[in-house]
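Colleague: I am new to this structure. Please take a close look at one helix, and then go through the aromatic rings and the chain around it.

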Amino acid sequence: MSNDPALKFVGAHPPAFTEEQAQSLSEEYFGISGTANPLWGERDQNFKIIHDSHSGYVLKISNDREDARAIDFQIGALRHLATNAPSVAVPQVVPLLSGDLYGTVEGPNGVTHRIHLVTLLDGVTLDDAGPSTVNLRAAGFQAGIATVGLRGFFHAAAGDDMFWDIRHLGKYATYVPEISDDAIRRRVQDIMSTFCDDVLPGLAGLRSQIIHYDTNRGNVLVDPDNPGTVTGLIDFGDMIHGSIAQDAAVAAAELVRSDANMLDDLVAVVSGYDRACPLEDAEINLIYDLVAARYALGVLIGVTRTLHGIHSVDNIDYLELFGPPLDSLLNLGRDTVRKALRSACRFPEYCPPVPLPAGTNHSMTRDLASRRRGVLGEELPLSYDVPLHTVRGEGVWLFDVDGRRYLDCYNNVPHVGHCHPHVVRALARQATALNTNSRYLYESIIEYAERIGELMPGDLGACLFVNSGSEANDIALRMAKECSGQDGALIVDGAYHGITNEIYALSPAAEWGMHAGGTNAHVSEHRADIEMVESPDTVRGRFNAEDAEAGAKYAADADRAIATLDKAGHPVGAFMVDSAFSTNGILDVPTGYVSGISDRVRASGGMIIADEVQYGFGRSGENLWGFQNHEIQPDFVTLGKPIGNGIAIGVVVTTPQILERFTRTKEFFSTFGGNPVACNAALAVLDVIEQEGLMENARDTGQYLREGLRSVSAGNARIGDVRGKGLFIGVDIVTDPDTMTPDQVEASRIKNYLRNSGCLVGTDGIGGNILKIRPPLVFRRDHADMLIETFAAAL
């Protein structure tokens with residue numbers, strides 16, 4: 001055996017204490033009696049001590065080559081994390097009866113060993129639970145959290161050599177010829193040459209600190225009833241001072257499966273790690289080579305141990321353990337892995353070699369409002385009687401110029417929360433590399449269109465990219481008229497669809513006074529090619545919610561509207577519908593209304609446009625898209641607002657056949673539509689919706705919030721109704737619940753009371769009396785409790 005200190009533990013035998021001896025040690029040194037059951041250990045001996053039905057411990061007995069500094073290093077790290085990073089679930093150190101944190105005992109063979117005791121964490125190993133994309137991502141996240149938690153910790157033993165440190169790969173060169181498998185031997189030799197020549201020199205320039213360096217499926221604990229929840233990270237015996245990239249790579253190497261799932265597993269682990277501990281460009285570029293080096297090192301350590309007659313408790317065959325994943329990794333190749341990891345972590349495509357103002361700032365806010373009026377006009381509205389001067393957002397919170405935080409219960413543009421770190425990283429990383437227009441080839445616009453197509457029903461999957469929901473609606477209307485050959489448009493009375501000239505004409509909500517005399521009163525004064533159908537208001541309309549045929553009865557008005565368009569020489573070419581019915585008052589739409597109108601329009605040769613600008617991406621909690629709640633299959637789906645979490649982007653989704661029919665005769669191009677930065681942000685939004693279960697949260701938290709608002713409103717004559725789905729809720733403020741007369745003044749008072757109390761909502765509806773609640777989808781029950789309590793106080 002080489003005298004190199006880096007290799008000294010390769011030949012270390014685990015101690016050989018019996019279960020009875022372990023039980024005695026536990027009781028004698030720690031005062032804890034219980035049954036001892038052996039646990040696996042590569043070079044140390046571990047016993048699970050079951051104290052009673054409610055608690056357990058792990059007795060750790062080091063091998064005879066482990067000195068006191070190494071044990072003190074591990075204990076120091078655990079205590080540091082417990083104090084400075086309580087979110088990292090790690091064992092707690094149990095002192096000896098003497099008060100010391102570790103002790104010394106004599107082993108069966110007469111040599112000295114050091115012992116210490118830690119608490120037994122809940123959960124089962126990830127190995128026992130079985131790896132999946134969900135729990136591998138969670139395990140990667142936990143590893144990243146541990147790295148963040150270990151920042152600022154240091155110990156003299158961190159500089160000691162450790163044989164699993166891949167930086168020592170070259171020191172095992174003399175053992176390469178001893179690898180029995182010819183193919184693996186050649187691969188290990190190639191990896192060693194590449195690593196020593198090209199990779200190792202670059203590691204010294206990367207961010208380094210003390211790292212856990214042993215996140216494997218045996219050291220990650222998960223909830224057996226919810227395997228996607230990590231309950232603990234254990235075994236700090238392999239810690240080193242090394243690069244963060246090494247730690248991420250070891251987690252990836254040790255957690256993934258070596259079969260067809262390997263690439264997906266690598267992506268899950270590394271993207272999870274990146275979400276907790278953001279990786280840098282140079283770090284993620286080296287992950288593939290570091291994983292390969294880890295596998296090569298594992299093979300060589302196995303050869304070395306075999307040559308020196310050293311076997312682990314389970315007699316692990318290191319060649320069998322590390323050979324298959326090494327083959328799988330090399331078959332994937334560096335380019336494939338690097339591209340997948342960069343994409344998952346929202347790095348741009350690979351290209352080779354506040355503090356807040358202090359004090360009270362009322363005068364600053366007044367000055368800013370004055371300047372705004374000077375350049376943006378006197379009439380451009382601001383929310384609230386006292387304008388909110390915002391300087392920062394985070395999750396469901398907005399912060400004003402004084403540093404006061406407000407619970408944002410209104411803004412649906414930051415769909416996954418203000419400044420979600422995954423979205424911010426995605427757009428920032430892309431912005432450092434490229435932003436151009438769609439007449440050039442780049443990956444993100446194609447990937448986004450493909451992902452949206454996978455999330456849409458039927459043949460919907462062909463996309464046109466623009467910059468807003470208004471533009472998307474404008475293009476969809478143009479396409480519908482062109483492809484149907486009919487130029488009449490049908491809309492719902494009280495709808496709003498956008499600000500372009502054509503779409504503003506389809507937005508009666510923008511000019512309430514035009515039809516103050518009743519449904520359709522303004523149509524003859526407006527345009528002959530546009531007709532409105534009666535709004536399906538079951539609170540104030542002709543048919544109420546108790547009428548099982550209300551939807552069909554309201555939809556029947558489409559017959560009149562379509563006939564009117566025909567008579568005017570403008571047969572219906574498009575029916576555009578806001579699936580949220582937001583400006584209509586956030587209606588609970590009766591079954592059969594939207595489908596009934598859609599069937600009539602289709603029978604007349606027209607096409608259906610589902611405006612998902614308000615409701616899309618899971619806000620209803622029932623489906624990803626609002627039109628699915630109405631059981632229709634549109635010809636066009638328009639997306640905007642939340643798609644980029646604040647980055648300007650809009651999309652028209654249609655079928656390939658319709659797209660080809662339109663572009664064959666009409667040119668389309670949008671300079672900024674679908675640019676790489678916007679698309680990368682939009683891709684990150686989809687990641688977060690999926691990975692954080694936000695549609696399900698919208699359903700559950702939305703129901704909880706509606707029930708809470710109804711509870712505190714019970715018996716209050718000013719509350720006419722609480723309605724909506726998911727996290728899109730309307731509270732109907734009235735003067736009298738019998739007549740349901742809208743009370744805009746009281747709605748404004750409540751809105752401003754909430755604002756002054758730290759909760760932000762809006763108002764909507766034809767009477768301006770609907771409190772509109774549509775928070776970011778990361779809004780949870782504790783946030784709902786805050787709004788409910790503040791709303792009760794407002795009443």
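Modeller: The expected span of a helix is 1.5 Å times one less than its number of residues. This is a predicted model, and helix H7 can be held against that rule. H7 covers residues 262-276, which makes 15 residues. From its first C-alpha to its last, H7 reaches 21 Å, close to the 21 Å expected. As for its surroundings, H7 is mostly covered, with 13 of its 15 residues buried. Buried here means under 20% relative accessible area. In general, an α-helix has 3.6 residues a turn, so residues three or four places apart point the same way.

H7 belongs to a protein chain with 24 helices and 26 strands. The chain has 795 residues, of which 56% count as buried. Its C-alpha atoms fill a box of roughly 100 × 60 × 55 Å along the principal axes. The chain exposes about 32,100 Å², and carbon and sulfur atoms supply 49% of that area.

Next, the rings. The structure holds 11 aromatic pairs. One of them joins Phe163 and Trp164, and this pair is tilted because the ring centres are 5.9 Å apart and the planes stand at 40°. Phe163 counts as buried, at 0% relative accessibility. Trp164 is buried too, with a relative accessible area of 5%. Another pair is Tyr448 with Phe465: the centres lie 6.2 Å apart and the planes stand at 65°, so this pair is edge-to-face. Tyr448 lies in helix H13 (residues 443-455) and Phe465 in strand E15 (residues 462-466), so the pair ties together parts that are 17 residues apart in sequence. Tyr448 is buried, with a relative accessible area of 0%, and Phe465 counts as buried at 7%. Ring pairs also form a cluster, which links Phe163 and Trp164 with Tyr295 and Phe322.

Some rings have a charge over them. The charged end of Arg294 sits over the ring of Tyr213, 5.5 Å from its centre. Arg405 lies over the face of Trp397, at 3.6 Å from the ring centre.

At the surface, Val375, Leu376 and Leu380 make a nonpolar patch of about 300 Å². Of these residues, Leu376 lies in helix H11, which covers residues 362-376.

Conventions:
Residues are numbered from 1 along each chain as its sequence is written. This is a predicted model: local features need pLDDT of at least 70, side-chain atom pairs count only at pLDDT 80 or more; totals for chains, interfaces and linings use all residues. Side-chain values use heavy atoms; hydrogens and water are left out. Rings of Phe, Tyr and Trp (its six-membered ring) pair if their centres lie within 6.5 Å; planes under 30 degrees apart count as stacked, over 60 as edge-to-face and the rest as tilted. Buried means under 20% relative accessible area, exposed over 50%, partly exposed in between (1.4 Å probe, protein chains only). Helices (H or I, at least four residues) and strands (E, at least two) are DSSP runs, numbered from the N terminus. A charge sits over a ring if NZ of Lys or CZ of Arg is within 6 Å of the ring centre and within 35 degrees of the ring normal. Patches are made of residues with over 30% relative accessible area and no salt bridge: like charges are joined within 9 Å, nonpolar side chains (Val, Leu, Ile, Met, Phe, Trp, Tyr) within 5 Å. Accessible areas come from the Shrake-Rupley method with a 1.4 Å probe; for residues, only the protein chains shown count as cover. A salt bridge is a side-chain nitrogen of Lys or Arg within 4 Å of a carboxyl oxygen of Asp or Glu.
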